[in-house]
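Colleague: Could you talk me through this model before I start poking at it? I'd like to hear the reasoning as well as the answers.

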Amino acid sequence: MLISGQVLGMNSTMDNMSLIRQAQRHHLVVREMGEEIDLEIGPGDDDPSFAQTPLVGVPQEPTAEEQEEHKQLLMVSSTSNEDQDLSKLQQTKRKKKVVKKWREEWADTYKWAYVDVHEGTTRIFCSVCREYGRKHRRNPYGNEGSRNMQMSALEEHNNSLLHKEALRLQLASKDKNLSMVERPIYVKALMSKTAGTIVDAVLRRDPHEVEFIQAVQEVVHSLEPVLAKSSQFVHILERLLEPERIIIFRVPWVDDKGETHVNRGFRVQFSQVLGPCRGGLRCHPAMNLSIAKLLGLEQTLRNALSPYKLGGAGGGSDFDPKGKSENEIMRFCQSFMEELYRYLGPNQDLPAEDMGVGPREMGYLFGQYRRLVGHFQGSFTGPRNFWSGSSLRTEATGYGLVYFAQLIIADMNKDLKGLRCIVSGSGKIAMHVLEKLIAFGAVPITISDSRGYLCDDNGFDFHKLTILRDLKVQQRSLRDYLKSYAHAKYTDEAKPWNERCDLAFPCACQNEIDHSDALALVNSGCRILIEGVQ
């Protein structure tokens, strides 16, 4: 509001003094002092008494005391305006410094956060629920520089409803034997915008599938240089990460006592781009959809590198074959196949062996499949049977590990002969690793099962290997090995990674090596680790 001094008759100093007093009384802001005074209505503009209050008093000659008081008011007002402008300038500069420093240190200060680009703007995201900004009740780039913001951002984030809901979904879907706290989801810090978008989509769609998310992160992170070259690769990978078909079904079966049990079956046909799906069937109590998708994804990538025109699949059941009789296993396999057979075939899906599924189980499965479809089709992969795939090459994975280790050792100008090797697991892969290590002159000293591990410091030979295979065929414990070789030792509820060794071959299950195991291997002298399972 601009008021002319000539119109209102403000030639006298008394008029100016009255105007200043009324402006202060009604919270007016004096922008400039001089012939013309620019006033901005402040909080007092809604005061009902302000309309009846005259802005200018009756003109009269000021006294000497009033003139002196007027000069002092002008000096105080001018000084306060200058101080206010200076304080605003300093506050603006200080605010910019605080904001800059806070943004740079955000990712290091709050470990729950990571930085990514969203719609062309750099944002700070939550690693759990993948949200940012006001969706966590406080905008990281709103109220910038606020001390209260910096002190309470992490606390308010952890208390936010979205964050709690994300944790609730994770805890509600976790495995009974695996704690979500022990296996958190980590997002690679070096991901580009395209790579981060892919992982973000998987996290939103399947936030509780920890094993599958881990596999996706590893694949995307390794392919990031390729994805950065063209957006076409990003679209292809996004389609590849979603399975073509997921089958989940119940598997009722009857034990020898006549009691009925129900397990859950899975089959994930991940990709048929190159040809019919091929992948293993795993029977283990910890089996779930996340692991089935993990097996299908990695099998797809593995088959793509092979000369065979095959797609990828994975599946199995949470059925535990340990401690079950032959008849119980047969009845389970027959019930399992009664639901799955309609999705199998030589041009559609080729099941194979995996953990808990060997030649015996594959024979039961194929026999039931042949009975249901009414004719013989070579559609399963397994040993000593006229089926397609790697039926005559069951040792391929185990032998391949040792060949791979041999190339690494040769590149170091060394030889496998005489090197101490520790092997975990006692399945098909572990047994063939032992066999080829013995053939190359290495000294394998350990083998393990679900109850513990067996260690023979003198090393296994072909005769001892025969005893171990007989124990597994008869479903006996590895502890029975001590009846033939008393100098060996069997350690319950432990892993073999503390034994002195040169090479390690984990062949039991995925994610077998954690941080403590890695430290134990280093302290044991291990310098090369070659994993044999996915």
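What follows is a short chat about the chain, its salt bridges, its sheets and its cysteines.

Modeller: Ground rules up front: this is a predicted model, local features need pLDDT of at least 70, side-chain atom pairs count only at pLDDT 80 or more, and totals for chains, interfaces and linings use all residues. Residues are numbered from 1 along each chain as its sequence is written, and side-chain values use heavy atoms, with hydrogens and water left out.

Colleague: Fine. How many helices and strands does the chain have?

Modeller: Helices (H or I, at least four residues) and strands (E, at least two) are DSSP runs, numbered from the N terminus. Counted that way, the chain has 17 helices and 17 strands.

Colleague: And what percentage of the 534 residues is buried?

Modeller: Buried means under 20% relative accessible area, exposed over 50%, and partly exposed in between, with a 1.4 Å probe and protein chains only. For the 534 residues of the chain, the buried share is 43%.

Colleague: Of the contacts between residues at least 6 apart in sequence, what share joins residues at least 24 apart?

Modeller: A contact here is heavy atoms within 4.5 Å. Among the contacts you describe, the share joining residues at least 24 apart is 63%.

Colleague: Now charges. How many salt bridges are there?

Modeller: Side chains of opposite charge can pair when their charged atoms come close. The rule here is a side-chain nitrogen of Lys or Arg within 4 Å of a carboxyl oxygen of Asp or Glu. By that rule the count is 20.

Colleague: Take E242: which residue does it form a salt bridge with?

Modeller: E242 sits in the loop between α10 (231-240) and β6 (245-254), and its partner is in helix α7 (residues 193-205), so the pair ties together parts 37 residues apart in sequence. E242 is partly exposed at 34% relative accessibility, and its partner is partly exposed too, at 40%. The closest N and O atoms are 3.1 Å apart, and the partner is R205.

Colleague: What about R282, buried or exposed?

Modeller: R282 forms a salt bridge with D354, the closest N and O atoms being 3.0 Å apart. R282 lies in strand β8 (residues 277-283) and D354 in the loop between β10 (349-352) and α13 (359-373), so the pair links parts 72 residues apart in sequence. D354 is partly exposed at 22%, whereas R282, at 5% relative accessibility, is buried.

Colleague: Which residue pairs with E361 in a salt bridge?

Modeller: E361 is buried at 7% relative accessibility, while its partner is partly exposed at 26%. Their closest N and O atoms are 2.7 Å apart, and the partner is R360.

Colleague: Which residues are joined into one network by salt bridges that share partners?

Modeller: The pair of E242 and R205 we went through belongs here. The full network is R205, D206, E209, E242 and K293.

Colleague: On to sheets. Which strands stand at the edges of the five-stranded sheet?

Modeller: Two strands pair if DSSP finds at least two bridges between them. The sheet is open and mixed, in the order β6-β7-β9-β8-β10. Each edge strand has a single partner, so one side of each is left without a neighbour in the sheet: these are β6 and β10.

Colleague: In β9, what is the bridge partner of R282?

Modeller: β8 and strand β9 (residues 311-317) pair in the parallel sense over five bridges. R282 is in β8, and its bridge partner in β9 is G316.

Colleague: There's also an open sheet of three strands; in β15, what is the bridge partner of C455?

Modeller: That sheet runs β13-β14-β15 with antiparallel pairing, and its edge strands are β13 (446-449) and β15 (489-492). Strand β14 (residues 452-455) pairs with β15 over four bridges. The partner of C455 is K489.

Colleague: How many disulfides are there?

Modeller: A disulfide is a pair of cysteine sulfur atoms within 2.5 Å. C283 is buried at 11% relative accessible area, and its nearest cysteine sulfur, that of C333, is 6.5 Å away. The count of disulfides is zero.

Colleague: Last one: leaving aside neighbours within four places in sequence, which residues does Q368 contact?

Modeller: Q368 lies in helix α13 and is buried, with a relative accessible area of 6%. Its contacts beyond those neighbours are Q334, M337 and E338.
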